[in-house]
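Student: I've got a model open on my screen and I'd like to talk it through. Can you take me round it?

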2 protein chains.
Amino acid sequence: MVTLEDVARQAGVSLATASRVLNGSTRQVGAAMRTRVEKAAAELGYRTNVAAQTLARGASNVIGLVVHDLVDPYFAAIADGAMRAADAEGHVVMVGTTRRDPEREIAYVATLNAQRAKAVLIAGSRVADPVVTARLKAELDRYRAQGGRAACVGQDLLGVDTVAPGNHAGAARLAGALADLGHTRFAVLAGPPHLITAADRRAGFQAALAERGLPEPQIVYGRFDRDGGHAAAASVRPDVTCVFAVNDVMAVGALAAFRERGVRVPEDVSVAGFDDIPTLRDHVPALSTVRLPLAAMGSLAVELALAGEDVPQVVAMEGEVVLRESVRAI
Amino acid sequence: MVTLEDVARQAGVSLATASRVLNGSTRQVGAAMRTRVEKAAAELGYRTNVAAQTLARGASNVIGLVVHDLVDPYFAAIADGAMRAADAEGHVVMVGTTRRDPEREIAYVATLNAQRAKAVLIAGSRVADPVVTARLKAELDRYRAQGGRAACVGQDLLGVDTVAPGNHAGAARLAGALADLGHTRFAVLAGPPHLITAADRRAGFQAALAERGLPEPQIVYGRFDRDGGHAAAASVRPDVTCVFAVNDVMAVGALAAFRERGVRVPEDVSVAGFDDIPTLRDHVPALSTVRLPLAAMGSLAVELALAGEDVPQVVAMEGEVVLRESVRAI
DNA sequence: CCCTCCACGGAAAGCGATTTCCAAGTATGC
DNA sequence: GCATACTTGGAAATCGCTTTCCGTGGAGGG
């Protein structure tokens, strides 16, 4: 394994000079020395040992990204945005998936702390359990106490820079748009009650209906993924004319369930989701939803974390209602 | 920043003992010392400095994964499989996206070499340019010369452990199945000519048609993504009854293009893809394809790399033809 | 022509862990 | 009861790089 010392010896210069040439420094190195070092490094096939560099510098160029599930287009889009931003700043990205287990989320923050990652990004909904949230916050605080930066895409509950999607307001606007189409009897495929994102969207939707004096929607709890939507669709009451799934992958699952049962969308029932994941544009029928700029949210989170303001910044991202063929007026 | 030395001092033991307790070792430590160290570590909130550990041990627990595009469900599925396997072995994963630029692929291998990653996984098609391939191979060889392990999901061109999808054979079997339905006039949305995966699939398809004495299919080149399929579909000749897109995302794009033009699938034209990406199951019409076990391929690649046999292993993965509603007999 | 200052090369002290080598204490066998 | 063999704790060298501090030679100013 060729080290900087090998390069320095081959070039006939000191370690310090070789380091300054190859790994950047504020100090200048004369042209003659510089080319000698570069030539030696190329000949020997030298590659910096980042572990040693990180140790010596006391700072790494790793950005950690924690998501629930990379296969979910929602997280894939956020991760993609984050990776582009990280890349543009010369950082590399370490990704961990929690598989929706908060314990794994905490463990991964600890791992990233051990890596002395430059920044940690946590994407995805918080859970309603205050004990779990407190433990994650404690782990993040410890990390930040050691000089780490952190940002979150989701609820502003961790005391760090946050990109906060307007879940409540977006769902409320969607409810309004759907009510304007003449719907009165709604169902909400609400996901798990303890997931705050799911709960906020459900609550926003319900609040808007109540404000208009419309009857309470049917609430169906379930999982937050495609299969959860598929299963929940089975219990929707027959008099319901419009179904709101609290995220797009659930809506896609519900659409599949309706199709299997011969229920036509939108003729028999209207369906809407939330997020506007990229894969949606090829779906039949085209799904109505609330558009969130997912990739931008990912890159913004990276920028916030890297900027590292003293007081945590919270940026709200409002979703835009997009009506497509999955809904119709009644 | 609390170090092992702080912990040792607080516990009143030596650095060596603290290290043995906290970071694993073959050596035993007495129960009394052990609990004292653990207590001190917990009180101080100690987190191992992985950079220092990596430097001292001469080995890291990072696995690098290089993919073209995380938003593409094909790569997301492979990455997910790889991450699960890595996780099971106690490794963390660093992901890089190349955005289909071979230069970035090479650069990322160099970065992972600098990280002294335990293993590097390269997923995605090689390109036909032998110079580029040689440069990537050289970079990988340098990495492996320093003790790194590598594996590849794709063509066996890099001299490392490889999980090789049966592109040619799978496409040939698909062509056979489609011909059995009575189709004789085909088009192939062939992707970019220089992408070997795309070329192999096209060639396999053509070979099977030729073997049956069927006329040459129309070949339409284009990009290897959804928009490429969408654009390519526009130039399909009107007499064609069956279109093969060399991957699923292209097929999905083609389906969208046909829908926009009022061409019905499968009534007017049959369409098939390749890969069987997970999002396909909710597509309308359900897309016929060749199923590849993507997640398993990802985890297998990790296992191969970690096993580190002396001679590179090559595991072929054969795809299974799956006919769904996007094709019909003629 | 002398003095100051700048530019640039090198020696050496860390960074925070692991691990080898010693030494001392404790079991075990006869 | 003594020699032998394990255990187990600690001192110190080491991993590869960065960076401070020092020293030297040459340019520029008066």
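Tutor: Sure, and one definition helps before we start: angles under 35 degrees count as roughly parallel, over 145 as roughly antiparallel, 65 to 115 as roughly perpendicular, and the rest as oblique. Keep in mind that this is a predicted model.

Student: OK, how are helix 1 and helix 3 of chain A oriented to each other?

Tutor: Helix 1 of chain A covers residues 4-11 and helix 3 of chain A covers residues 31-44, and their axes cross at roughly 125°. An angle from 65 to 115 would be roughly perpendicular and one over 145 roughly antiparallel. The crossing of helix 1 and helix 3 of chain A fits neither, so the two are oblique.

Student: And which residues of helix 1 of chain A make that contact?

Tutor: On the helix 3 side of chain A, the contact uses A:Arg36, A:Val37, A:Ala40, A:Ala41, A:Glu43 and A:Leu44. By class, the whole contact has 6 nonpolar, 1 polar and 3 charged residues. From helix 1 of chain A come A:Asp6, A:Val7, A:Gln10 and A:Ala11.

Student: What about helix 5 and helix 12 of chain A: how many charged residues are in their contact?

Tutor: Helix 5 (residues 73-88) and helix 12 (residues 294-307) of chain A pack at about 45°, with axes 7 Å apart. That angle makes helix 5 of chain A oblique to helix 12 of chain A. Helix 5 of chain A brings residues including A:Ala77, A:Gly81 and A:Ala85, and among those they meet in helix 12 of chain A are A:Gly298 and A:Val302. The contact of helix 5 with helix 12 of chain A divides into 9 nonpolar and 3 polar residues, and the charged ones number none: no charged.

Student: Is the crossing of helix 5 and helix 12 of chain A left-handed or right-handed?

Tutor: Handedness goes by which way the near helix is turned from the far one, and clockwise counts as right-handed. For helix 5 and helix 12 of chain A, the crossing is right-handed.

Student: Then how do helix 6 and helix 7 of chain A lie to each other?

Tutor: The axes of helix 6 (residues 102-114) and helix 7 (residues 130-145) of chain A come within 9 Å and cross at roughly 5°. Their contact divides into 8 nonpolar, 1 polar and 5 charged residues. With the cut-off for parallel at 35 degrees, helix 6 and helix 7 of chain A are therefore roughly parallel.

Student: Zooming out, how much area do domain 2 and domain 3 of chain A bury between them?

Tutor: Domain 2 of chain A takes in 60-165 + 295-319, while domain 3 runs over 167-291. Their centres are 28 Å apart, and 14 residues of domain 2 of chain A touch 17 of domain 3. Of the area buried between these domains of chain A, 58% is on carbon and sulfur atoms, and the total is about 1200 Å².

Student: Which residues of chain B lose the most area to chain A?

Tutor: Here 51 residues of chain B contact 51 of chain A, and the two chains bury about 4600 Å² between them. Three residues together make up 15% of what the chain B side buries: B:Arg47, B:Arg116 and B:Asp282.

Student: Last one: which residue does a cis peptide bond join to A:Val284?

Tutor: Look in the loop between strand 9 (270-272) and strand 10 (289-291) of chain A. Omega of that cis bond is about -5°, and chain B has a cis bond from B:Val284 to B:Pro285 with omega near -5°. In chain A, the partner of A:Val284 is A:Pro285.

Note on methods. Residues are numbered from 1 along each chain as its sequence is written. Chains are lettered from A and ligands numbered from 1 in the order in which they are written. This is a predicted model: local features need pLDDT of at least 70, side-chain atom pairs count only at pLDDT 80 or more; totals for chains, interfaces and linings use all residues. Side-chain values use heavy atoms; hydrogens and water are left out. Axes are lines fitted to C-alpha atoms, for helices over the stretch in contact, and angles run from 0 to 180 degrees between N-to-C directions. Helices (H or I, at least four residues) and strands (E, at least two) are DSSP runs, numbered from the N terminus. Contact means heavy atoms within 4.5 Å. Ala, Val, Leu, Ile, Met, Phe, Trp, Tyr, Cys and Pro count as nonpolar, Asp, Glu, Lys and Arg as charged, and the others, Gly among them, as polar. Domain bounds come from an automatic or database domain assignment. Buried area is the accessible area (1.4 Å probe) that two parts lose on being put together, summed over both.
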